[in-house]
Structures are given as structure tokens and as C-alpha cells.
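Dear colleague,

I am passing on the structure below, and I would be glad if you would open it beside this message and follow the notes residue by residue.

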Amino acid sequence: MNSIPQSSETSGWPGALLADLRQLEAAGRLRLVREITTAQGPEVEVDGRKVLLCCSNDYLGLAGDPRLKAAAIAAVEQWGTGSGASRLISGSMTPHHELERAVADWKRTEAALVFNSGYHANVGTIPALVGRGDLIYSDALNHASLIDGARLSRATVRVYRHLDVTHLESLLEKDKGRSGRRLIVTDSVFSMDADEAPLQAICDLADRYGAWVMVDEAHASGVLGPEGAGLVRELGLGERVQVQMGTFGKALGSFGAYVAGAQALIDTLINRARSFVFTTALPPAVVAASQAAIELVRSDDSLRAGLLERVAMLRAALSERGWRVLPGRAPIIPIVIGDDRETMAFADMLYREGGILAVGIRPPTVPEGTSRIRLTITAAHDESHLARIIQALS
Ligand SMILES: Cc1ncc(COP(=O)(O)O)c(C=O)c1O
């Protein structure tokens, strides 16, 4: 789909839908799906043209890595293509269990559970832990899947200002006399701003107010911390963060997600997380690729170190050229433009004139007035690719 068909109908089927879509289009908020006609990599083909890919979360460039591909192919040969049923019926195969043992070992937790995606993990885990009468404290910029999980739980949700532990503390203090469980939920590296949650201070508050802490490491898994195990491990908070969640679809180049923590947490999720219980288990090949990725990030620091070095270099170069680049270490480089239409026009110009695919991000994904180009780079981008980005943004 490239644009909305013109029609004078505004009601019935599909007139009512077309009228909604035209409104989105008029507001500069219409989203379209682009077809990538080659495999993922630093350069891809779109509309018959080779472009530099600067918006993928394949941070370590593993989505096309021969070692992951070989693991997936071997798993297809040994285990077939589908798992045939949910984990609780007959879909729980040896590769799933091996991956869970590998995650627990990597994260240094008692146990781990594989979910079909990060979205599944978050919408399943939060309602499994808290419900009506309980309290959730959620950072204002948490990922949509955490927000949806919180809504599904029916717990009372208190949103604290982004990274603001003083605000979080005041909310916890106000609720002091209330009964019920308390769960603080935060991304570790924020997906649209690339900044990092003050996890140490959050854990201190959690201890003081008797709250549990859940951290989403989707953008830190494979990228930060010893063995790429994430920010929680980097800060030595593994014992104080009750729920560590992360995904395999970004830096780990595969697909799916995990929750790691105490055995009691995992047993609770197996029994109560509806997005775990009521869905067919991941295909063994996907699971095997995730396991190969974990082995790779644990055994080789060089990809991660090289990536973080290049990110710092690119951030500095763009700031020097006067761009408003939000600070951070992660390979997400948000360049805030503000206005929706200007952002989309700028992304379009980068694409048409610079051959750079770096999509514009608008509300509701980011707050009103902060539309941005979310530039991401990966370990597969070399010096010449970075030079192209800098030149296009000059
Ligand atoms: C912070 C965060 N959590 C969860 C998810 C969902 O993960 P998945 O893509 O595996 O569903 C994403 C992005 O997709 C994310 O950015």
C-alpha cells in the first residue's frame, strides 16, 4: 500500500475505515509498510535501489551471520520446521529447554523462560505478577508492550516522569498505607531516547518501599554489560531486580524473548502468563539461532566493543555539525526534529538524496513535539558507511 484510495464514502465498509485513514494521512501520521527485497545487512535493496540501512535493531549484525544460519539449518534438519503445539501441550522441545538453560547461565539467574516475542513476554509477565488492587509504577517512556501489559493486569498504574526517581519516590510514599503488591517497571535502555534507567536508585527505592522491579533489556541484551548480558549485570543488580526481560530479535539477530529470574517466577509464568500458555511454541530453528547468538556474544567482546566505539564517534561527529543528538551509549542515535511533517520530509530527503533508510518516528511512539529520526548503526556498518551518514547529514 502506497497511499489511501480516494473515496467520498465516510461510513459503512470500508468507507468508515478509509475516512479514518485519510484523517491520519492529513495529520502526517499515516504509517506504511516498506518492502525490503534483499537479506538484512548494512545495505539493503528497496524499490530496486541499494540503500544504507540505518534503522535496524540488528545491532551486532548477527541476523545474517553464517554461524546463526548454520545453527538454524541444522535445527531444521534435526527437529523440523514447526513445534506443533504450545509449550504446555507438546511443543516444548529440547532446543527450547537448552535455550532456557543458556539464558539463565548468561544472566546468572536460577531459571529463565522463552516467550515468542518481547511483546508476548511483557503482556504476559506483568498480569501474571500483579492484578486488581496492586500497584504498578511505570516510567513515562516505557515501551508500548510494558504499557499494554500494565493495562491488561488491571492493577492501578502510576506513571512517573521519565527517569525521575524523585517523582517515583513521591508516588511510592503517597501509596505507603495501601495494601497490595508493588511492581516498578522500566526499560533499561530506552528504545526511542537511548538513555538508561537509574537502576541503582530504583532498586534502592524498591527495597525501601517493598516493591518488585522488572527491567526490559530489549535494547541492552547483547550490547551492554559483561558478555553482553545487559545493564542489570553491568551494574551488579541481578539479586535486586526480580524480573529481567530481554529479546532475541534485536542485537541477537534471531527472534523471540526471555524472562530470567527465580524458579518461582518462572513457575508462576508457566502457570499464569496467558501469552506463554495460549500460543504455539517457537519453531526449533529460531530457538537454535538464539542459542548460537548467546554463545557468540558471550565468547567474543570485540563486536560489541567495536560497535560502541563507532557509535560514540558518530554521535560526536553529528553533534559537531550542529544536530540535536540525544546523549547515550547505545547504538540508537535519536536526532530530534520536533514537527511530524518536517521529520517525515527529512527522512524522505535522506532516503531520496542520500540513499539512507532512517525512518522518522512520530507520536504516539514518541511524545508530541519530539518527532525524530531514529538513526541506528550496527557492527556491520564500516567506516565508509559512517562517512556516508555524516556526509548526508552535513
Ligand atoms: C523496549 C522493548 N521491549 C519490548 C519490545 C518488543 O519486542 P519484540 O519485537 O520481540 O516483540 C521492543 C521492540 O520491539 C522494545 O523496544
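**Around the ligand**

In K250, a polar side-chain atom lies 2.8 Å from an oxygen atom of the ligand. Please keep in mind, here and in what follows, that this is a predicted model. The ligand is surrounded by 13 residues, and the closest are G118, Y119, D216, H219 and K250. In G118 the atom concerned belongs to the backbone, a N or O atom that lies 2.7 Å from an oxygen atom of the ligand, whereas D216 places a polar side-chain atom 2.6 Å from a nitrogen atom of the ligand.

**The sheet and a helix across it**

D216 also leads us to the sheet, since strand β7 covers residues 212-216 and is joined by 3 bridges to the parallel strand β8, residues 243-247. Opposite D216, in β8, stands M245. As general background, the strands of a sheet pair through backbone hydrogen bonds, and they may do so in a parallel or an antiparallel way. The sheet as a whole is open and has 7 strands, which follow the order β3-β9-β8-β7-β6-β4-β5 with mixed pairing. At its edges are β3 (111-115) and β5 (156-160), each of which pairs on one side only, and from one strand to the next the twist averages 20 degrees. Helix α5, residues 118-129, lies across β3, β4, β6, β7, β8 and β9, and it runs at about 165 degrees to β8.

**A buried arginine**

Where is R233 found? This residue has its place in helix α9, which spans residues 231-234. R233 counts as buried because its relative accessible area is 14%, which is under the 20% cut-off. A polar atom of the R233 side chain lies 2.7 Å from the backbone oxygen of W106. If we leave aside its neighbours within four places in sequence, R233 is in contact with W106, K107, R108, P226 and E227.

**Two cysteines without a bond**

Why does C54 form no disulfide with C55? A disulfide is a covalent bond between the sulfur atoms of two cysteines, and the rule applied here asks for sulfur atoms within 2.5 Å. The closest cysteine sulfur to that of C54 is in C55, and because the two are 7.3 Å apart, they are too far from each other for a bond. C55 is likewise in no disulfide, as its nearest cysteine sulfur is that of C54, and the count by this rule comes to 0 disulfides. C54 is also buried, because its relative accessibility is 0%.

With kind regards

Methods: Residues are numbered from 1 along each chain as its sequence is written. This is a predicted model: local features need pLDDT of at least 70, side-chain atom pairs count only at pLDDT 80 or more; totals for chains, interfaces and linings use all residues. Side-chain values use heavy atoms; hydrogens and water are left out. Buried means under 20% relative accessible area, exposed over 50%, partly exposed in between (1.4 Å probe, protein chains only). Two strands pair if DSSP finds at least two bridges between them. Helices (H or I, at least four residues) and strands (E, at least two) are DSSP runs, numbered from the N terminus. Axes are lines fitted to C-alpha atoms, for helices over the stretch in contact, and angles run from 0 to 180 degrees between N-to-C directions. Contact means heavy atoms within 4.5 Å. A residue is near a molecule or strand if one of its heavy atoms lies within 4 Å of it. A polar contact is a pair of N or O atoms within 3.5 Å; within protein, one must be able to donate a hydrogen and the other to accept it, and residues adjacent in sequence count only if both atoms are side-chain atoms.
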